[in-house]
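The exercises below are meant for a reader who is meeting this structure for the first time. Please work through each task with the sequence and the model in view before reading its solution.

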Amino acid sequence: GAGVLAGAAAASLIVLHSTIGVGTCQEVAAAAGPKGIAVIDAAVSGAEERSRLGTLSLMIGGAEADVQRAWPLFEVVGAELFHMGALGMGQATKQCNNLMSLVNIHVVEEALRLATALGIDEHKMREVAAASTGDSWALRNIDQMRALSGLHGEGLDAPGPLRSPQEAGISRGTTPRTYCSTGTELTSRTPTWVRTTSIHPR
């Protein structure tokens, strides 16, 4: 067949940087194992600017020996490197991080919409929040996040209110337990839609 596995030599190491499911990592490893090819996952976070600067955060999953083989390369592209455990745990970690990030972005947008509706200039509101307790990564990078999402907010023309997963078109077909291949129950305090949704942010 074609693809990486077809041409990879025994003892090669495949590093999965894409934002994919834990199960996908395991499927790739199962296909690679018979050829003597090792697989680890190394999810990244930091967006475009940190990518250019080589200061990304990397969340890595895989056997210790395999992770150490790639560590010098990770140090070239990343400033914060975290070995999170077995294969797939880098991806699981990124999904949790992305959930936090997406919620924060939505909250920033909602607050800016409210400010605009009350007659406050958005840029002045952002300036105040950045100097106050409202400061966050989501606030400081909201323009970049809008561009990535194809959003160009201008006051009340900004993205609409936070929607339910169904309204946003997010599939509810995979539970976090299945997605992360773990029997650990999420806390009962977690909103129902979070406990029943697998989120794949861009």
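**Exercise 1. Find the residue that stands opposite M59, and then describe the surroundings of the strand that holds M59.**

Step 1. In this predicted model, M59 stands opposite F82, which belongs to strand β4.

Step 2. Strands β3 and β4, the latter formed by residues 78–85, are joined by six bridges and run parallel.

Step 3. On the path from β3 to β4 comes helix α4, residues 64–77, and these three elements make a right-handed β-α-β unit.

Step 4. Strand β3 is also joined to strand β2, residues 38–45, by five bridges, and this pair runs antiparallel. One position to look for here is S45, which stands opposite S57 in β3.

Step 5. To judge how covered β3 is, apply the cut-off for a buried residue, which is under 20% relative accessible area. Six of the six residues of β3, which spans residues 56–61, are buried. L56, L58 and I60 point one way from the strand, while S57, M59 and G61 point the other way, and residues on both sides are buried.

**Exercise 2. Determine what joins E109 to R146, and whether these two residues are buried or exposed.**

Step 1. Begin with the elements: R146 sits in helix α8, residues 142–148, and the side chains of E109 and R146 meet in a salt bridge with an N to O distance of 2.8 Å. The pair links distant parts of the chain, since E109 belongs to helix α5, residues 89–117, whereas R146 belongs to helix α8.

Step 2. Compare sequence with space: the two residues are 37 residues apart in sequence, and their C-alpha atoms are 9.7 Å apart.

Step 3. Check the accessibility: R146 has a relative accessibility of 4% and therefore counts as buried, and E109 is buried as well.

**Exercise 3. Describe the salt bridge between E48 and R52, and set beside it the one between R140 and D135.**

Step 1. In the pair E48 and R52, the closest N and O atoms are 3.1 Å apart. Because the two residues are four positions apart in helix α3, about one helical turn separates them. Both E48 and R52 are exposed.

Step 2. In the pair R140 and D135, the closest N and O atoms are 3.0 Å apart. R140 counts as exposed because its relative accessibility is 52%, whereas D135, with a relative accessible area of 31%, is partly exposed.

Step 3. Beyond single pairs, E109, E122, R126, D143 and R146 are joined into one network by salt bridges that share partners. A search of the whole structure finds seven salt bridges.

**Exercise 4. Work out which sign phi has in A11 and in A47, and where each of these residues lies.**

Step 1. Recall the general expectation, namely that most residues other than glycine have a negative phi.

Step 2. A11 has a positive phi, near 75 degrees, and is found in the loop between α1 (4–7) and β1 (13–16).

Step 3. A47 also has a positive phi, of about 65 degrees, but lies in helix α3, residues 47–53. With a relative accessible area of 27%, A47 is partly exposed.

**Exercise 5. State how many helices and strands the protein chain has, and what share of its residues is buried.**

Step 1. The chain has 11 helices and four strands.

Step 2. Of its 202 residues, 34% are buried.

Key: Residues numbered from 1 in each chain as written. Predicted model: local features only at pLDDT ≥ 70, side-chain atom pairs only at ≥ 80, totals over all residues. Heavy atoms only, no water. Buried < 20%, exposed > 50% of the residue type's maximum accessible area, 1.4 Å probe, protein only. Pairing = 2+ DSSP bridges. Right-handed = clockwise from strand over helix to strand, strands pointing away. Salt bridge = Lys/Arg side-chain N within 4 Å of Asp/Glu carboxyl O.
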